[in-house]
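Thanks for coming. I will take a few minutes to go through one structure that is new to most of you, so please have a look at it first.

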Amino acid sequence: MMDGELGAFLRSRREALRPEQVGLPTNGRRRTPGLRRAELATLAQVSVEYLTRLEQGRDTRPSPGILAALAEALRLDDADRRHLQQLASVDHRRQLCAGGRPTASRTVRPQVRTLLEALRDRPAYLTNRLGDVLAWNEPFDRLARPLGLLDGERPNLVWFLFVDERARQHFPDWADLADQQVADLHRLRGGDPATDAFAERLTRTVGEPFRSRWQRRPVAVQPSGVRWLRHPEVGPLRLSYETLEIPDDQQRLVVQQPTDADSAAALDRLLGRRPGSLRSVAG
């Protein structure tokens with residue numbers, strides 16, 4: 001693991017960029033994938049020594065001009081550019097606040113639990129930065145328990161997704177969901193050594209499906225969207241989700257609801273409600 005997320009992200013994008021994409025010849029043996037460090041330094045008009053310091057986490061305060069030059073040289077899309085800017089800002093704040101490192105909290109404040117329980121007609125759950133499912137309401141229990149997601153004393157979304165074979169059967173868009181979960185781990189990492197330890201456990205247990213994503217560092221994190229689900233009891237479900245960030249606790253409250261009439265009817269059957277009691281939302 002590299003010390004700085006900013007440097008690790010730059011390196012991941014450099015190694016993913018093929019020489020021909022930036023007009024460089026591809027002849028000759030290349031010891032590393034993607035661009036060489038010297039090639040990127042030339043394209044961005046920075047010194048190799050400075051780029052090395054950035055990638056190794058020894059410099060975490062590049063100027064806006066250097067960030068822009070690196071983004072242009074790496075052919076970053078809009079999502080990657082925003083992520084690069086965010087990483088530079090986060091690393092700077094960590095340097096200014098060099099106290100103890102944050103941890104993945106498992107404590108649920110009473111106010112948050114009350115809010116969760118108030119959502120009586122829609123599946124909702126609370127997670128921390130590691131994907132631990134800390135609390136959930138009755139609709140989510142009925143939705144998730146048949147999937148196997150809530151098996152064990154400490155259910156974890158990321159672990160279930162990568163380790164449990166049932167996850168690929170239940171989620172038709174498994175690859176996209178896996179990218180999002182890994183992107184969340186990186187985005188919420190915040191210097192917490194528990195995240196690195198968790199990633200190492202997943203790498204040892206799962207191997208390439210997790211390792212390649214962790215190294216690639218996907219950034220397509222969406223606080224809202226739509227997911228397909230093959231439910232073993234009621235069949236296909238198309239559910240939208242909205243995420244409420246709870247920054248002080250490093251936690252997220254996720255609320256789900258059906259996006260079409262068939263999904264609404266299926267969810268009604270699953271929750272034991274009369275048909276039509278839960279309206280679908282456009283999506």
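**Cavity, pocket, hairpins and confidence**

The lining of the largest cavity divides by class into three nonpolar, two polar and three charged residues. What you have in front of you is a predicted model, so please keep that in mind throughout.

Let me stay with that cavity. How many cavities of 30 Å³ or more does a search of the whole structure find? The search finds one. The space inside the largest cavity comes to about 30 Å³. Its lining is made up of Arg129, Leu130, Gly131, Val158, Gln181, Asp184, Leu185 and Arg252. Helix H10 gives the most to that lining, with three residues.

Now to the second largest pocket. Its volume is about 730 Å³. There are 36 residues in the lining, and Gln180, Gln181, Asp184, Gln222 and Tyr241 are the closest to the centre. Two of these names, Gln181 and Asp184, you have just heard in the lining of the cavity. Which elements give two or more residues to the lining of this pocket? On the helix side they are H5 (78–96), H7 (138–144), H8 (157–163) and H10 (174–187). The strands are E1 (124–128), E3 (224–231), E4 (235–246) and E5 (251–258). H10 gives the most here, with five residues, and H10 also gives the most to the lining of the largest cavity.

By class, the pocket lining has 21 nonpolar, nine polar and six charged residues. Domain 1 (5–97) and domain 2 (110–271) each supply at least three residues to the lining.

Next, the strands. E1 and E2 (residues 133–136) run antiparallel and are joined by three bridges. Thr127 has Val133 of E2 opposite. The two strands form a hairpin with four residues between them, and in the turn Gly131 has a positive phi of about 85 degrees. Gly131 is also one of the residues that line the largest cavity.

E3 and E4 make another antiparallel pair, joined by eight bridges. In this pair, His231 stands opposite Gly235 in E4. How many residues lie between E3 and E4 in their hairpin? There are three.

Last, confidence. Mean pLDDT for the protein chain is 84, with 87% of residues at 70 or more. Among the elements, helix H9 (residues 166–170) has the highest mean, 96, and H5 the lowest, 67. Over residues 91–101 the pLDDT is below 50, and that stretch has twelve contacts in the model beyond near neighbours in sequence. A further stretch, residues 277–283, also stays under 50, and there the model has 22 contacts beyond four places in sequence. Where pLDDT is low, predicted coordinates should not be read in detail. Recall that H5 is among the elements that line the second largest pocket. That is what I have for today.

Technical notes. Residues are numbered from 1 along each chain as its sequence is written. This is a predicted model: local features need pLDDT of at least 70, side-chain atom pairs count only at pLDDT 80 or more; totals for chains, interfaces and linings use all residues. Side-chain values use heavy atoms; hydrogens and water are left out. On a 1 Å grid over the protein atoms alone, a cavity is a set of points where a 1.4 Å probe fits but cannot get out, and a pocket is an open set with protein on both sides within 12 Å along at least five of seven lines; lining residues have an atom within 4 Å of a point. Grid points are joined across faces, edges and corners, and a volume is the space filled by probe spheres set on the points. Ala, Val, Leu, Ile, Met, Phe, Trp, Tyr, Cys and Pro count as nonpolar, Asp, Glu, Lys and Arg as charged, and the others, Gly among them, as polar. Domain bounds come from an automatic or database domain assignment. pLDDT is the predictor's confidence in each residue, from 0 to 100. Contact means heavy atoms within 4.5 Å. Two strands pair if DSSP finds at least two bridges between them.
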